[in-house]
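Me: I have a structure open and would like to talk it through with you. Could we go over it step by step?

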Amino acid sequence: MAGVGNNLNQIARNINGVVKVGAVNQLDVLTIITHLAATERVLNAVRGYLES
């Protein structure tokens, strides 16, 4: 589980870097961030389930 969370953080960092240099449009960034947020919610739900 921690590995998945770490991967999400790495993806977010890379997105931030790409955005700073202007290599991606804002709609693509919004789509990616939306998917990352959904993935994070699912990961947190799984983590909560495993801890209970």
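Reply: Happily! One definition to begin with: a residue counts as buried under 20% relative accessible area, as exposed over 50%, and as partly exposed in between. Please keep in mind that this is a predicted model.

Me: Thanks! Is Thr 39 buried, exposed or partly exposed?

Reply: Thr 39 is a residue of helix 2. Its relative accessible area is 37%, and the class in between runs from the 20% limit to the 50% limit. Because 37% falls there, Thr 39 is partly exposed.

Me: And how far is Thr 39 from Ile 11, C-alpha to C-alpha?

Reply: Along the chain, the two are 28 residues apart. In space, the C-alpha atoms of Thr 39 and Ile 11 are separated by 12 Å.

Me: Which residues make up the largest nonpolar core, and which helix gives the most to it?

Reply: The core has five residues: Leu 8, Ile 15, Val 29, Leu 36 and Leu 43. Helix 1 (2–20) and helix 2 (26–51) each give two or more of them. With three residues, the top contributor is helix 2.

Me: Is Ile 15 buried or exposed, then?

Reply: Ile 15 sits in helix 1, and leaving out residues up to four places away in sequence, Ile 15 touches Val 29, Ile 32 and Leu 36. Its relative accessible area is 12%. That value is under the 20% cut-off, so Ile 15 is buried.

Me: Leaving aside neighbours within four places in sequence, which residues is Leu 8 in contact with?

Reply: Leu 8 is a member of the largest nonpolar core. With those neighbours set aside, its contacts are Leu 36, Thr 39, Glu 40 and Leu 43.

Me: Turning to helix 2, what span does it reach from its first C-alpha to its last?

Reply: Helix 2 has 26 residues, and at 1.5 Å a residue a span of 38 Å is expected. The model comes close to that, with helix 2 reaching 37 Å.

Me: Which residues of helix 2 are buried?

Reply: Helix 1 is part of what covers them. The buried residues of helix 2 are Val 29, Leu 36 and Leu 43.

Me: How much space lies in the largest pocket, and which helix supplies the largest share of its lining?

Reply: The space in the pocket is about 160 Å³. Residues in its lining include Gly 5, Leu 8, Asn 9, Leu 36, Glu 40 and Arg 47, and by type the lining divides into five nonpolar, three polar and two charged. Helix 1 and helix 2 each supply at least two lining residues. The largest share, six residues, comes from helix 2.

Me: One last residue: is Asn 44 buried, exposed or partly exposed?

Reply: Asn 44 lies in helix 2 and is one of the residues lining the largest pocket. Its C-alpha is 9.4 Å from that of Met 1, although 43 residues separate the two in sequence. The relative accessible area of Asn 44 is 40%. This is between the 20% and 50% limits, so Asn 44 is partly exposed.

Terms used
Residues are numbered from 1 along each chain as its sequence is written. This is a predicted model: local features need pLDDT of at least 70, side-chain atom pairs count only at pLDDT 80 or more; totals for chains, interfaces and linings use all residues. Side-chain values use heavy atoms; hydrogens and water are left out. A nonpolar core is a set of buried Ala, Val, Leu, Ile, Met, Phe, Trp, Tyr and Cys residues joined through side-chain atoms within 4.5 Å. Buried means under 20% relative accessible area, exposed over 50%, partly exposed in between (1.4 Å probe, protein chains only). Helices (H or I, at least four residues) and strands (E, at least two) are DSSP runs, numbered from the N terminus. Contact means heavy atoms within 4.5 Å. On a 1 Å grid over the protein atoms alone, a cavity is a set of points where a 1.4 Å probe fits but cannot get out, and a pocket is an open set with protein on both sides within 12 Å along at least five of seven lines; lining residues have an atom within 4 Å of a point. Grid points are joined across faces, edges and corners, and a volume is the space filled by probe spheres set on the points. Ala, Val, Leu, Ile, Met, Phe, Trp, Tyr, Cys and Pro count as nonpolar, Asp, Glu, Lys and Arg as charged, and the others, Gly among them, as polar. The expected span of a helix is 1.5 Å times one less than its number of residues.
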